[in-house]
Amino acid sequence: MSKKLFIETLGCAMNTRDSEHMIAQLKEREGYDTTTDLKEADLILINTCSVREKPVQKLFSELGAFNKKKKEGAKIGVCGCTASHLGDEIIKRAPYVSFVLGARNVSKISEVLHKDKAVEIDINYDESEFAFDDFRTSPYKAYINISIGCDKQCTFCIVPKTRGEEISIPDELIINEAKKAVDNGAKEIFLLGQNVNNYGRRFSDSEHEKVNFTELLRRLSKIEGLERIRFTSPHPFHMDDEFIEEFAKNPKICKSMHMPLQSGSTKVLKDMKRGYTKEWFLNRVEKLRKECPDVSISTDIIVAFPGESEEDFEDTLDVMKQVEFDQIFSFKYSARPHTEAEHFTNTVDEEIGSARLSHLQSMQTEIIDKNMQKHLDKTYKVYFEDLNRDNYVSGRTNANLVVKVKGSEELLGKFKNVKITQIGRTICTGEIVE
């Protein structure tokens with residue numbers, strides 16, 4: 001009888017891929033099978049995220065609940081970004097935790113499993129050339145890391161303190177991983193990195209050929225059987241003309257771009273150490289839309305960053321009016337430990353911050369309600385990858401519009417032309433047309 005692994009993954013797509021790596025190692029090397037029933041698990045892992053609201057309080061609350069429900073003898077391991085910055089404090093506060101594994105130490109999962117109270121959180125550990133065993137949550141889409149760590153110094157962000165300096169994974173490893181995924185049925189790959197378009201800045205081996213992100217995209221697009229390439233997140237600072245032109249003309253690259261704005265105020269962007277201005281961001285959007293008129297653009301926005309004036313906030317609203325983003329992920333600023341902004345004293349009043357977030361989100365709702373109308377009665381090629389309730393199957397268009405149709409699992413992993421019959425803010429309904 002195999003041992004059972006229960007894993008909870010919080011946060012970003014990179015965490016999802018890290019969890020897949022750990023599952024693969026534990027399956028192949030330790031004989032574990034995954035379970036969705038925490039009570040039958042022999043090993044319980046929580047893969048944490050430091051970017052979430054109040055991540056530390058939520059972690060210990062979750063751990064307490066896991067400890068009450070787990071069966072006798074089951075081990076609990078804490079992994080990911082919060083593990084990286086708390087380290088052995090986790091075991092001090094929750095002595096029933098068996099080990100702590102940082103976000104930069106995923107390859108050591110077998111090692112820590114057999115060391116009681118092990119704490120492995122070296123943020124400079126280099127696993128850029130480690131050959132992980134293979135496991136994927138979905139056979140239709142493959143997440144592939146192209147770099148680890150982050151060299152940016154954004155004052156609001158803890159990631160460089162939890163994932164270490166940026167190192168690119170050799171392109172031959174990425175290409176081989178993509179080929180293997182395609183051979184196993186995936187028609188779409190999703191490239192992951194903190195700043196994907198900074199790829200190639202640093203490799204472990206100084207002799208490695210200097211390949212930038214645009215060239216990596218060209219090489220990947222030559223893989224036979226691979227039909228779609230997506231990636232996240234590019235950094236606006238590194239969006240040069242060569243990158244935008246390749247994005248626009250390469251038919252395998254999906255025409256959806258996530259451009260994290262964070263703020264529309266050049267002054268606030270400087271305080272955030274983002275490295276670009278309001279004008280640069282708008283210039284890149286203009287270039288992108290000129291080269292690729294059908295592109296969908298999403299973004300991240302933080303309101304009420306320390307020192308944000310009403311005028312600064314109006315600058316953010318101005319960018320929203322000019323760009324009309326297809327999707328935004330918006331947040332009211334809250335300080336994170338080990339960040340420069342944690343020590344800023346010019347904080348914005350909580351009520352003002354909440355009002356600004358509400359205003360911004362209302363504006364975005366109006367933009368979406370207006371712009372979604374253009375999809376009605378249009379026909380798009382949809383790649384189906386998810387089973388939904390009530391006999392629906394969903395997938396995405398090239399430009400990342402989520403579409404559902406009546407159907408069964410026979411549609412999964414297939415492309416179909418779909419006419420949009422009903423629009424919503426986050427998902428559209430359609431009918432397959434031949």
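Which residues does F231 touch, not counting residues up to four places away in sequence? In this predicted model, F231 touches F190, L191, V196, F213, L217, F243, F247, I253 and M257. F231 is also among the residues with the most contacts inside the largest nonpolar core. L191, F213 and L220 share that standing. The core holds 57 residues. Another core lies apart from it, with 21 residues. L10, A41, I76 and L86 are among its members. In soluble globular proteins, nonpolar side chains tend to be buried together.

Helix α9 spans residues 241-249. Its buried residues are F243, I244, E246, F247 and A248. Two of these names, F243 and F247, recur in the list of residues touched by F231. The buried residues of α9 pack against α8 (213-220) and β11 (228-232). They also pack against β12 and α11.

Helix α11 covers residues 278-291. It has 14 residues and reaches 20 Å from its first C-alpha to its last. That span is close to the 20 Å expected at 1.5 Å a residue. Buried positions in α11 are K278, F281, L282, R284, V285, K287 and L288. Charged residues count as Asp, Glu, Lys and Arg, so K278, R284 and K287 fall in that class. The buried residues of α11 pack against two other helices besides α12, namely α9 (241-249) and α10 (266-272). Their strand partners are β12 (256-258) and β13 (296-303).

The pairing of α11 with α12 (residues 310-323) was examined further. The two axes come within 11 Å and cross at roughly 5 degrees. Angles under 35 degrees count as roughly parallel, and α11 and α12 are therefore roughly parallel to each other. From α11, the contact is made by K278, F281, L282, V285 and R289. From α12, D315, D318, V319, Q322 and V323 take part. By class, this contact has five nonpolar, one polar and four charged residues. K278, F281, L282 and V285 of α11 also appear among its buried residues. An α-helix has 3.6 residues a turn, so residues three or four places apart point the same way.

A further site concerns F130. This residue is placed in the loop between β6 (118-120) and β7 (141-145). F130 counts as partly exposed because its relative accessibility is 31%. Leaving aside residues up to four places away in sequence, F130 touches Q25, R29 and S107. F130 and D88 are 42 residues apart along the chain. Their C-alpha atoms are separated by 25 Å.

Notes:
Residues numbered from 1 in each chain as written. Predicted model: local features only at pLDDT ≥ 70, side-chain atom pairs only at ≥ 80, totals over all residues. Heavy atoms only, no water. Axes fitted to C-alpha atoms, helices over the stretch in contact; angles between N-to-C directions. Helix = DSSP H or I, 4+ residues; strand = E, 2+ residues; numbered from the N terminus. Parallel < 35°, antiparallel > 145°, perpendicular 65-115°, else oblique. Contact = heavy atoms within 4.5 Å. Core = buried A, V, L, I, M, F, W, Y, C linked by side-chain atoms within 4.5 Å. Buried < 20%, exposed > 50% of the residue type's maximum accessible area, 1.4 Å probe, protein only. Expected span 1.5 Å × (residues − 1).
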